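Subject: Structure handover

Hi,

Here is the structure I promised to pass on. Please open it first, then read my notes below.

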Amino acid sequence: MSTIHIVGAGPGRADLLTVRAARILARADAVLYDRLVSREVLELISPAAELHDVGKAEGRQEEIQGHILDLLEDCGRRHETVVRLKGGDPMVFGRGGEEWRWLVARGWNVEVTPGLSSAISVPELAGIPVTYRGIAGGFAVVTGHRHPAACQEWAAYAHVDTLVVLMGVGRRAEIADCLIAAGRDGDTPVAFVENGSTARQRVVVTTLREAGTCEVNSPAVMVIGEVVNLRGQLIQPAHFNAAVDLTSLLQVGEAHTRQSC
Ligand SMILES: C[S@@+](CC[C@H](N)C(=O)[O-])C[C@H]1O[C@@H](n2cnc3c(N)ncnc32)[C@H](O)[C@@H]1O
């Protein structure tokens, strides 16, 4: 019987993939992958495998999700090792849990392989630990895709030491306003880390009050909390300036830029 593997691809760099994920990709017969899976990771897939780019276009999510489930079953009928490859960890805002449940309900043999979630690894690679003794005793990871009317929902997160927002770039101004309205200090440091772990990594540091005015592009992780200031002690100041190769420092080889706004 065939096995459908739900696999996390990590934040981008291929050497941040788990060993188990790399082994599964090397023997895959078919792979369905998402938009955020990097080219570097795709290159580890067996050259004989059937590849399906099932990245979701804006506004067509439900239609494409139905197509993905049909395609998974189709591949499962024809192949022994089928991989559903998702950026980061498959169970963090990736519909991994929904696909897993749907497949099990239909009798498929499913195995899961976690990946490094961008929620923790992307801030970390930018010099921002999400917890730090005496500064942040906890953190929360939330989606920025919330209904605009639901400003009060952000109140529940306003006082979490470190708040990590995924998919929040488009609504950064609204998120910041809602958190401030719920009592978070407007001077709280904020970082946006774009394209974390890749050669295009870019870090923008600002405050909650100014977060809506910064130029930021997706994909980015938004980090809100005092831990953002640790970056200054964890990454040498010289490396904050444009186009510094941090290969020796962080082993990520990206060009870092720091922009305040
Ligand atoms: C649909 S969510 C998937 C999250 C993924 N499952 C994970 O665990 O990282 C996509 C969001 O993750 C964040 N993201 C994923 N990879 C990223 C990266 N390399 N750099 C910055 N943000 C990233 C962005 O906030 C993006 O909008």
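**Ligand site and backbone notes**

A polar side-chain atom of serine 117 lies 2.8 Å from an oxygen atom of the ligand. Keep in mind that this is a predicted model.

Two backbone contacts go with the serine 117 one. Aspartate 89 places a polar backbone atom 2.8 Å from a nitrogen atom of the ligand. Methionine 167 does likewise with an oxygen atom of the ligand, at 2.9 Å. How much of the ligand does the protein bury? The figure is 89% of the 570 Å² that the ligand exposes when taken alone.

Now the surroundings. The ligand sits in the largest pocket. Its shell counts 18 residues. Val92, Ser117, Ser118, Gly196 and Ala220 are the closest of these. By class, 11 residues of the shell are nonpolar, six are polar and one is charged.

Which secondary structure elements supply at least two residues each to the shell? Helix H5 (118-125) does, and so does strand S10 (220-224).

Why does the ligand lie between the two domains? Domain 1 (3-116) gives residues to the shell, and domain 2 (119-260) does too, so the ligand lies between them.

Two backbone features also deserve a look while you have the model open.

- Serine 218 and proline 219 are joined by a cis peptide bond, with omega at about -5°. Proline 219 belongs to the loop between strand S9 (202-207) and S10. Strand S10 is one of the elements that contribute to the ligand shell.
- Phenylalanine 93 is not a glycine, yet its phi is positive, at about 50°. Where is phenylalanine 93 placed? Its loop runs between strand S4 (81-86) and helix H4 (96-105).

If you only have a minute, start with the polar contacts of serine 117, aspartate 89 and methionine 167. Then go to the cis bond before proline 219 and the positive phi of phenylalanine 93.

Best wishes

Key:
Residues numbered from 1 in each chain as written. Predicted model: local features only at pLDDT ≥ 70, side-chain atom pairs only at ≥ 80, totals over all residues. Heavy atoms only, no water. Near = heavy atom within 4 Å. Polar contact = N/O pair within 3.5 Å; in protein donor to acceptor, adjacent residues only side chain to side chain. Areas by Shrake-Rupley, 256 points an atom, 1.4 Å probe, with all protein chains shown as cover. 1 Å grid on protein atoms, 1.4 Å probe; cavity = no way out; pocket = protein on both sides within 12 Å on 5 of 7 lines; lining within 4 Å. Sits in = over half its atoms within 2 Å of the grid points. Helix = DSSP H or I, 4+ residues; strand = E, 2+ residues; numbered from the N terminus. Nonpolar A, V, L, I, M, F, W, Y, C, P; charged D, E, K, R; others polar. Domains from an automatic or database assignment.
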